[in-house]
Structures are given as C-alpha cells and as structure tokens.
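Reader: Could you take me through the pockets and surface of this model?

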Amino acid sequence: MKKSVIFFSILGLIPFYLDLFLSNTFLNNLNFEKISFFYGLLIISFLSGMQWQRWIEIKTSNFLYLSIPMLNFIFSFSSVFNFFLSPTIIVVIGLLVSLIIDVIFQKQFLSPWFVNLRVIVTFFAIISFFL
C-alpha cells in the first residue's frame, strides 16, 4: 500500500508541470497554466474532504477543527471570482494551508512517512507555479 501511495502521489505532480514540459510542442495552443490552476483547486478540494473525514471519523465536536478544511476549500474556490489576489497565489496558499492542517492538526492520525510525503509533494506542487 505504501509504495502505491508514493507512486500515485508522485504521478499526481505531472499536471502541475505540464506547462514546463509541453509548452513548446504541438499542444502550444492549450493554456497549461489554467490546467495547473484548476488541478490545484481539485487537489485542495480532495485534501479538504479527506481532512474533514478524519475529523468526523474521530467524532470530534470541535467546530473550529471541522471548519478549517472547509474554509480552506471555500477560500481556494473564491479564486474563480476574486479580483484582488492572483488565482495562482490563492492556490499556493490553499496548498500550504492543507499541508499545515495535516502537519499540525492531524499529524497524530497520519503515518510519519505519509507526513513526509505530503511535505515533499506539496513543495514540488508549489514550486511548479513559480517556474
């Protein structure tokens, strides 16, 4: 199981780097920046759902803990109609908040190797927006 999680996590970085690898090919007319942006929103949505599920699974009644992943989700998707911040910055902040939730608030529910994997994969996902 561990090997497949690592494999699919690394494979999940590919859409973030499409612009870097395919920008000078016959697919030049596609807007890879928007693909990375929407893929980042999809990842934040998935991570927020997983984090929320962990809180529900342990039957927490702490409203703050239950709210943080959903607020991150709402904030990230506000990038679609936000005119003050760049959508890229919002996605980067959303990915960082998701990582902080896992590392600080939910670390006790996660295996140490998975936390390390999340840090590495999130780092490479964020770096892709600045290349």
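The questions below go through the pockets, then a surface patch.

Reader: What is the volume of the largest pocket?
Author: This is a predicted model. Among the residues closest to the centre of the largest pocket are F46, F114 and R118. The volume of that pocket is about 590 Å³.

Reader: Which element gives the largest share of the lining of the largest pocket?
Author: Four elements give two or more residues each to this lining: α1 (2-11), α3 (32-57), α5 and α6 (112-128). The lining divides into 17 nonpolar, 4 polar and 3 charged residues. The largest share is 7 residues, and the element is α6.

Reader: How many residues of the lining of the second largest pocket are charged?
Author: The second largest pocket holds about 190 Å³ of space. Its lining includes D19 and E33. Asp and Glu count as charged. Nonpolar residues number 5 and polar ones 3, while the charged residues number 2.

Reader: Which elements each supply at least two residues of the lining of the second largest pocket?
Author: The lining includes D19, L20, E33 and S36. Helix α2 spans 18-22, and α3 spans 32-57. The elements are α2 and α3.

Reader: Is F84 buried or exposed?
Author: F84 sits in the loop between α4 (63-77) and α5 (87-105). With L85, I89, I93 and F130, F84 forms a nonpolar surface patch of about 530 Å² accessible area together. The cut-off for exposed is over 50% relative accessible area. F84 has 80%, so F84 is exposed.

Technical notes
Residues are numbered from 1 along each chain as its sequence is written. This is a predicted model: local features need pLDDT of at least 70, side-chain atom pairs count only at pLDDT 80 or more; totals for chains, interfaces and linings use all residues. Side-chain values use heavy atoms; hydrogens and water are left out. Patches are made of residues with over 30% relative accessible area and no salt bridge: like charges are joined within 9 Å, nonpolar side chains (Val, Leu, Ile, Met, Phe, Trp, Tyr) within 5 Å. Accessible areas come from the Shrake-Rupley method with a 1.4 Å probe; for residues, only the protein chains shown count as cover. A salt bridge is a side-chain nitrogen of Lys or Arg within 4 Å of a carboxyl oxygen of Asp or Glu. Buried means under 20% relative accessible area, exposed over 50%, partly exposed in between (1.4 Å probe, protein chains only). On a 1 Å grid over the protein atoms alone, a cavity is a set of points where a 1.4 Å probe fits but cannot get out, and a pocket is an open set with protein on both sides within 12 Å along at least five of seven lines; lining residues have an atom within 4 Å of a point. Grid points are joined across faces, edges and corners, and a volume is the space filled by probe spheres set on the points.
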